[in-house]
Protein chains: 2
Amino acid sequence: MDKDIFIKLLAQREFKAVRSILDVMNEVDIASLLSTLSDKELALAFRLIPKDKAAEVFSNMDTSMQTYLVTMFTEKELKELLDDLYMDDTVDMLEELPANLVKRILATVSASDRSMINQLLNYPEDSAGSIMTTEYVDLREEMTVGQAMAHIKKTGIHKETIYTCYITERRKLVGIVSAKDLMTTDDDVPIKDLMETEIISVYTHSDQEQVAQLFTKYDLLALPVIDQDGRMVGIVTFDDAMDVMVDEATEDITKMAAINPSEKTYFETSVLQHAKNRIPWLLILMFTSIITGTIITRYENAFAAIPLLVSFIPMLMDTGGNCGSQSATLIIRGIALDEIRFTDLFKVMFKEFRISLIVGAFLAVANGVRIFIQYHNPGLAVVIACSLMGTVIMAKLVGCILPLLAKKVNLDPAIMASPLITTLVDTFSILIYFNIATVLFRL
Amino acid sequence: MDKDIFIKLLAQREFKAVRSILDVMNEVDIASLLSTLSDKELALAFRLIPKDKAAEVFSNMDTSMQTYLVTMFTEKELKELLDDLYMDDTVDMLEELPANLVKRILATVSASDRSMINQLLNYPEDSAGSIMTTEYVDLREEMTVGQAMAHIKKTGIHKETIYTCYITERRKLVGIVSAKDLMTTDDDVPIKDLMETEIISVYTHSDQEQVAQLFTKYDLLALPVIDQDGRMVGIVTFDDAMDVMVDEATEDITKMAAINPSEKTYFETSVLQHAKNRIPWLLILMFTSIITGTIITRYENAFAAIPLLVSFIPMLMDTGGNCGSQSATLIIRGIALDEIRFTDLFKVMFKEFRISLIVGAFLAVANGVRIFIQYHNPGLAVVIACSLMGTVIMAKLVGCILPLLAKKVNLDPAIMASPLITTLVDTFSILIYFNIATVLFRL
């Protein structure tokens, strides 16, 4: 849809044409089109969206647009919108809105919805409870397929998903049945015979990353959420799980680059906030790398005697840092995908040790030959080759041990990534280098 | 399920007990349990899996187990398995199996399946065609909801998903209708009135990363795939899209750490292959960092006159590298999630410039004060503070420009990440540092 044409039609009050355009457009695209409008046009355009699409368009808008619209809505409009919004989208919105609007919204919804919303708002951030919805299809064991289908026809339209149905008994979950099974089974079969009783579920306080992992592992469409008393309280749907997966990957990538993660996109984050997210680790790493500098000064005599030694510092430090972050990155990603666990520590260390022998030998020979050709100095070639070998082995071991240790003591492995490891590896590589040089050159 | 009990029951030939255990277990878990068995036990256990679960268990196994089983199967067993496997899982398996087994399998399937499989095998790797399945629910505009439901009941059981149904006319896609709409609408409503005609689709040659982005953007369950002549040829389902998302994130993370990406997990990759994936970039980066070393030797006089200068090299280089990779990482992730485009270059540069002013000033003052206190040397404090400021600004600009340029010339932005940027930034920071020192100390 051409944005300019839409704005022109809206400005000329060609409501019929605007309405027919909105009628054929996808909800996500409407939200993105509306984000280019001014506030006044936004309120006008939103009221022209077909009623059955309005709630979904709204839940795809960013907070500033939602805030503006909620302020503009009449009581009746607000009530209509809240009736159509899924519970998890309502809660997502409330988490971001200013307090006065939250109050107005809570006053608008029914008492039972209000208590439900308050409970959902209370689940810890990043827990299954905080991303679940409370609207799901609830069936009884005694029903037949035909009765279940009739029940879904009556109530299903208001549920976020009807493709996995839950069979409960006194609020405990006893089985699940897929819409596919219902649709391909004869009407008179009892649900009891059709339902699966081995159920994958999570608790309200389960971490959302674990929830997302279950979705990928078992290819789920929805996952039931159980409270501490074993009662079913909601479901997480696959679209929210996909968002969690993307967000968690972004968070890990961000942390590996020594940045405090932000939930907003690059452009949504202000310059000041960007600076705030980046300064702490830079400061920590800056002061730790001073240690490396201090160690270098201890070998002042060495590089006073052979000034050429200094010129190899960047190469050794960079190679060590790169080797370390290679290992660390693979291990951190493996931990995030649940492919590597702490119990694998020695297996990983042995593997990294063998890898580092090959990698180290290759780099040592390549560089040794280069130095011999360039400087005709076999002693220097041997010193650099040995230092490279030692640095690579050390870097790969540090790189694989630290993330696994972090995991063991419940720290985030991603925090242990490249920059912190680089600083450690820098220090060790300088020590290895100057010690080898001192011994071999008898300095 | 306790693995040891299962193995014991199997060894004691307690087939009834084994069968009841397998009966209640999830397919993914069965595959993982079977992976711990010896080959002989595997063949035995696989034959005890309930028939309706066998194909899905099989598609969750790794290649070595699949290869072994296919070798062991009788013609009849193989045919039964292939009948139950979804087309995309069959193709995934064929891509990995040794040639003689592929031949045997192609000889077993029907002629029409064979030509379908051959076509699917021909789509480029990482294309929508290579991950799609050809089994979907195909409806006609003239049908009523009741007729559609009857059609699904008859044919749906063999389709990977029945939750999005496709209305085609002479093989062109004219509309889609969700199972939810079918289930919540009266039987006599014509499909024509219910179907959506604004359809999101991809081409067989579309990149799988773009496919995954559409799933997250529009919260899709399935996405139709169209060939060059506009005919519908298959669908991509959400489970494959989730796998692509995870794989693409892993690939980006791996590349950012200067490793050639591998499709296998950490433990699946051999030591030699790990070494091969890591050596190329290490070698390239090692030789580029020699440039930095060479530049340092050009300033031999400077650090001969003031040896303390050398000790600040690691700190400046590390800080520059960290700053650069912070910016690069955020930009690369933003590009991957389609939040940042090349046209944003100047917007990004201006933002990074303002961020670097704040970050640079902060680090410069912190370090300047420390040096003044530690060495009582205001000249040195000013040199280091100015160098830090210059390094941070330079590093942030390099870090944001390179990935966007890479994107523009169709290189992978992730390749431009931390290590390559670090080397560039290292060189520039040394130049900035020694030039400032030379000027201010009149060396």
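This tour moves through a predicted model, from the whole assembly to individual strands and helices.

**The two chains**

Begin with both chains displayed. A turn of 180° with a shift of 0.0 Å along the axis lays chain A on chain B, with an RMSD of 0.2 Å. That is the relation of a two-fold axis. The same surface serves both copies, since 100% of the contact residues of chain A recur in chain B.

**The domains of chain A**

Next, colour chain A by its domain assignment, which gives domain 1 (3–122), domain 2 (138–237) and domain 3 (271–440). Taken over C-alpha atoms, the centres of domain 1 of chain A and domain 3 of chain A are separated by 53 Å.

**The annotated CBS spans**

Now select residues 132–194 and 195–251 of chain A, where UniProt, in an unreviewed entry, places the feature "domain: CBS". Residues 132–194 of chain A are 32% helix and 24% strand, with end C-alpha atoms 26 Å apart. For residues 195–251 of chain A, the figures are 44% helix and 23% strand, and the end C-alpha atoms lie 38 Å apart.

**A three-stranded sheet in chain A**

Select β4, β5 and β6 of chain A to see an open sheet of 3 strands, in the order β4-β5-β6 and with mixed pairing. Its edge strands are β4 (202–203) and β6 (232–237) of chain A, each of which pairs on one side only. Strand β5 (residues 222–226) of chain A pairs with β4(A) in the parallel sense over 2 bridges. Display Tyr203(A) here: opposite this residue stands Ile226(A) in β5(A). Then add helix α15 (residues 208–218) of chain A, which packs on the sheet and touches β4, β5 and β6 of chain A. The direction of α15 makes about 140° with that of β5(A).

**A hairpin in chain B**

Turn to chain B and select strand β2 (residues 164–169) and strand β3 (residues 172–178), which pair in the antiparallel sense over 6 bridges. Thr164(B) has Ser178(B) in β3(B) as its bridge partner. The two strands, β2(B) and β3(B), form a hairpin with 2 residues between them. In the turn, Arg170(B) has a positive phi of about 45°.

**A helix in chain B**

Finally, select helix α20 (residues 345–375) of chain B. What span should its 31 residues have at 1.5 Å a residue? The expected span is 45 Å, and the end C-alpha atoms of the helix are 42 Å apart, which agrees. Just after α20(B), stop at His376(B), which takes a positive phi of about 45°.

How values were computed
Residues are numbered from 1 along each chain as its sequence is written. Chains are lettered from A and ligands numbered from 1 in the order in which they are written. This is a predicted model: local features need pLDDT of at least 70, side-chain atom pairs count only at pLDDT 80 or more; totals for chains, interfaces and linings use all residues. Side-chain values use heavy atoms; hydrogens and water are left out. Helices (H or I, at least four residues) and strands (E, at least two) are DSSP runs, numbered from the N terminus. The expected span of a helix is 1.5 Å times one less than its number of residues. UniProt positions are given in the numbering used here, feature names are shortened, and annotations may be inferred rather than shown by experiment. Domain bounds come from an automatic or database domain assignment. Copies are superposed by least squares on the C-alpha atoms of residues with pLDDT of at least 70 in both. Contact means heavy atoms within 4.5 Å. Two strands pair if DSSP finds at least two bridges between them. Axes are lines fitted to C-alpha atoms, for helices over the stretch in contact, and angles run from 0 to 180 degrees between N-to-C directions.
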